[in-house]
Amino acid sequence: MSLKSRKALVTGSTSGIGLACARALAAQGVDVCLNGFGPRDEIEAARADIESQFNVRCLYHGADMSKPEQIAAMVAHVEAEFGALDVLINNAGVQFVSPVEDFPPEKWDQIIAINLSSAFHTIRAATPGMKARKWGRIINTASAHSLVASPYKAAYVAAKHGIAGLTKTIALELATFGVTVNCISPGYVWTPLVERQIPDTMKARNMSREDVIDKVLLAAQPTKQFVTVEQVAAAALFLCSDAASQITGANISMDGGWTAA
Ligand code: NAD
């Protein structure tokens, strides 16, 4: 596979799955732009490490993925700096766990904005260039929650089901332009996003930390193992390859069998 010199933007790539995807692309010679929040020195260290380890250019843009105008500015910045945007991974995401009657409306709005609407805004901005160059890869990090639901995650499940629908729609629109559009649907991946929801899940279900891990998280996954960020990144890399040029509009599960049940 030669992705060398391709240009990529991975949203939400200062940690977890996004950072693993950015590093996997860079290892193939792809120039990559990081995005996300976190301590400035840690972000700069991650950015510099990618440049030195993989001998590629690595940018960082701090666009808030809940702000459409910042998203458009980031895509324009990447195209101006790199001369193109070939691989777009829509990955930024947050979680909030609460019974629906207590679910704060502002949390609903925030999750829909970051986990769903942001992908519309990046795709809208990146599509003209991909169509003109007749090559592109758009990969959305969905979730097992794009296919099935869990209680207390109204906004997250709604957003991820939306991502699955958006993926199919854009795949059809771009099918004749050499641009594929797919989503990857991981089960539970051990990242800060999962760690952070444990205290709220303990509260919502009146359970201990150990019980949340065993009876809520891994209970859903028949393999009884967490997915790794490297496994998700490897799937994304495969979707970028020529071998995957006929895979479009797909929702690829990587969930230890969760959604087979
Ligand atoms: P993470 O918390 O490690 O990473 C989330 C990233 O999004 C971080 O870089 C964070 O800074 C960024 N982010 C959050 N809000 C943002 C905003 N407003 N603007 C810009 N960046 C923002 O979590 P992760 O588990 O790596 O999650 C990545 C994606 O994978 C999410 O879309 C998540 O829903 C999805 N996912 C995760 C799991 C899992 O079990 N961890 C399972 C399925 C899907």
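In the predicted model, the largest pocket encloses about 930 Å³ of space. Its lining is made up of 43 residues, and those nearest the centre of the pocket are Ala92, Gly93, Val94, Leu193 and Arg196. Four helices each supply at least two residues of this lining: helix 1 (16-27), helix 4 (105-133), helix 5 (154-174) and helix 6 (192-205). The largest share comes from helix 6, which provides six residues of the lining of the largest pocket. In chemical character, the lining of the largest pocket comprises 19 nonpolar, 18 polar and six charged residues.

The largest pocket is also the site of the ligand, which sits in it. Helix 1, helix 5 and helix 6 are the elements that give two or more residues to the shell around the ligand. Of these elements, helix 6 gives the most to the shell, with four residues. Helix 6 thus appears in both descriptions, with the largest share of the pocket lining and the largest contribution to the ligand shell.

The shell around the ligand contains 31 residues, of which Thr14, Ser15, Tyr156, Val189 and Thr191 come nearest to the ligand. By class, the shell is divided into 15 nonpolar, 13 polar and three charged residues.

Several polar contacts to oxygen atoms of the ligand can be described individually. In the case of Tyr156, a polar side-chain atom lies 2.6 Å from an oxygen atom of the ligand. Tyr156 is also one of the residues that come nearest to the ligand. Two further contacts involve the protein backbone. A polar backbone atom of Ile17 is 2.8 Å from an oxygen atom of the ligand, and a backbone N or O atom of Gly12 lies 3.4 Å from an oxygen atom of the ligand. Taken alone, the ligand exposes 830 Å², and 95% of that area is buried by the protein.

Enclosed space within the protein was examined separately from the open pocket. The count comes to one cavity of 30 Å³ or more, and the volume of the largest cavity is about 50 Å³. The residues that line this cavity are Thr11, Asn90, Asn91, Ala92, Ile114, Asn115, Ser118, Ala119, Thr141, Lys160 and Ile163. Helix 4 and helix 5 are the elements that give two or more residues to the cavity lining. Helix 4 gives the most, with four residues. The lining of the largest cavity divides into four nonpolar residues, six polar residues and one charged residue. Ala92 belongs to the lining of the largest cavity, and Ala92 is also among the residues nearest the centre of the largest pocket. Helix 4 and helix 5, which contribute to the cavity lining, likewise each supply at least two residues of the lining of the largest pocket.

Notes. Residues numbered from 1 in each chain as written. Predicted model: local features only at pLDDT ≥ 70, side-chain atom pairs only at ≥ 80, totals over all residues. Heavy atoms only, no water. 1 Å grid on protein atoms, 1.4 Å probe; cavity = no way out; pocket = protein on both sides within 12 Å on 5 of 7 lines; lining within 4 Å. Points joined across faces, edges and corners; volume = space filled by probe spheres on them. Nonpolar A, V, L, I, M, F, W, Y, C, P; charged D, E, K, R; others polar. Near = heavy atom within 4 Å. Polar contact = N/O pair within 3.5 Å; in protein donor to acceptor, adjacent residues only side chain to side chain. Areas by Shrake-Rupley, 256 points an atom, 1.4 Å probe, with all protein chains shown as cover. Sits in = over half its atoms within 2 Å of the grid points.
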